[in-house]
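This briefing introduces a protein structure to a reader who has not met it before. Please examine the sequence and the model together before turning to the points below.

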Amino acid sequence: MSSVISAKFGADYGLKVVLTPPTSAERRPRLGILMPDGLGPHRSRRYPSQRVIEFPEICARIVRDVSVFKSYVPFGPEGIYMDNSMYSYVANNISGIAGIVKEYEAAVQAAATAEDVVVKESVILTSNEGSGTWGHWVAHNFPKIVLAARLLPDSKIAVPAGYANARSNFGALLAMSGLNPNRILYTNDKIVYRLDEAIFVDFLYHEKSIHPLSLDIFGEVASHLEEQTGNTTRKMYLSRTTPGKREIVNADQVGDILHGSGFRSVTLGAEPLATQVAYWQEATMVCSVLGSDLTNILFGNENCSVMAITPDWFFDIFFFDLAAAKGMVWNELYCGKMVQEKVPSHLSSFIVQEDALRNFIAACEAPILKETS
């Protein structure tokens, strides 16, 4: 394995700049209805209860002579830099990232024959293996871009070129933060960027929880939007925009049941970002298959109740924590009947038991709330 340079695994590298001091935050999850549909063995869940999270200081590390390939693989004469990697972030020790290091090594080898571009400005690097996924981009990458851009105003920000077109909402989020477009360095995956100075920034995320500064950043973004009237809805059902991933086989019947209960179907992921934010700010009940469609919880309000439809074999507290951080009520219907198994299994299609869905809706709408102790 190549030399891995990572502050998480003990490396002391570059010029360390503290962007914000340590802080703490109390999280009080609000659990509503957790209901199995009875179509399979119900797996028990253990959600974090009320707790105080001690967030460490957030630092930037300024490093000379860094090259970047594929938009997210940074390396230099001393080795491969891993502090931006999502795999490194979740690993408990350095041996846990052996697989992704091999992928990085292959990228470094390929970079030897790729076209290169020299960049004289200081550049903030924030892309990683997960930054093409809306949830990772919004919760993990975007906040540290905003923080670093504000505190290091003379630096460029490296952003994959696709965020300006094919993934336009990714770029729209940066624009909504007030970032000067002249500061963006759009990167091409096939080009090696030779940087005189690169900046690595810590994640504003700790112990599976989002940093309070991130919540402030999303609140500021939402507050700058012009009010939209007439298009939003209080009860929203999010139609999925990722075909082939956790598809509901009887989606038409599910839609009919939700419509009959006053929910409006919205293919929100296909809408401009400003419209998505406006919907979340207005909604008081949001129903969705558990997944990245729920990321925009971060733009919602504490009066909202989230109703997640979850395959029983899929457990992910990422969105649960976002709801807890925003003070929203969390409800979940566990669906136990898989139809088409896929690899990984959380992508498999499934059935929503219709009577269970009706009972779930009725229970969520009842004025009953169980607060976690």
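The points that follow concern one strand, its pairing partners and the nonpolar cores. The structure is a predicted model.

**Strand β19**
- Strand β19 spans residues 329-335, and 7 of its 7 residues are buried.
- Both faces of this strand are covered. Val 329, Asn 331, Leu 333 and Cys 335 are buried on one side, while Trp 330, Glu 332 and Tyr 334 are buried on the other.

**Pairing of β19**
- Strand β4, residues 30-36, pairs with β19 in the parallel sense over 5 bridges. Within this pairing, Arg 30 has Val 329 as its bridge partner.
- Strand β18, residues 305-311, is also paired with β19 in the parallel sense, here over 7 bridges. Thr 310 stands opposite Tyr 334 of β19.
- From β18 the chain passes through helix α8, residues 318-326, to reach β19, forming a right-handed β-α-β crossover.

**Nonpolar cores**
- The largest nonpolar core contains 68 residues. Among those with the most contacts inside it are Trp 137, Trp 280, Leu 294 and Trp 330.
- Helix α3, residues 134-151, supplies the largest share of this core, with 10 residues.
- Leaving aside neighbours within four places in sequence, Leu 294 is in contact with residues including Trp 280, Val 306, Ala 308, Phe 319 and Trp 330.
- A second, separate core has 23 residues, including Tyr 237, Ile 257, Cys 287 and Leu 333.
- Strand β19 thus has Trp 330 in the largest core and Leu 333 in the second.

Notes
Residues are numbered from 1 along each chain as its sequence is written. This is a predicted model: local features need pLDDT of at least 70, side-chain atom pairs count only at pLDDT 80 or more; totals for chains, interfaces and linings use all residues. Side-chain values use heavy atoms; hydrogens and water are left out. Buried means under 20% relative accessible area, exposed over 50%, partly exposed in between (1.4 Å probe, protein chains only). Helices (H or I, at least four residues) and strands (E, at least two) are DSSP runs, numbered from the N terminus. Two strands pair if DSSP finds at least two bridges between them. A crossover is right-handed if, with the strands pointing away from the viewer, the path from the first strand over the helix to the second runs clockwise. A nonpolar core is a set of buried Ala, Val, Leu, Ile, Met, Phe, Trp, Tyr and Cys residues joined through side-chain atoms within 4.5 Å. Contact means heavy atoms within 4.5 Å.
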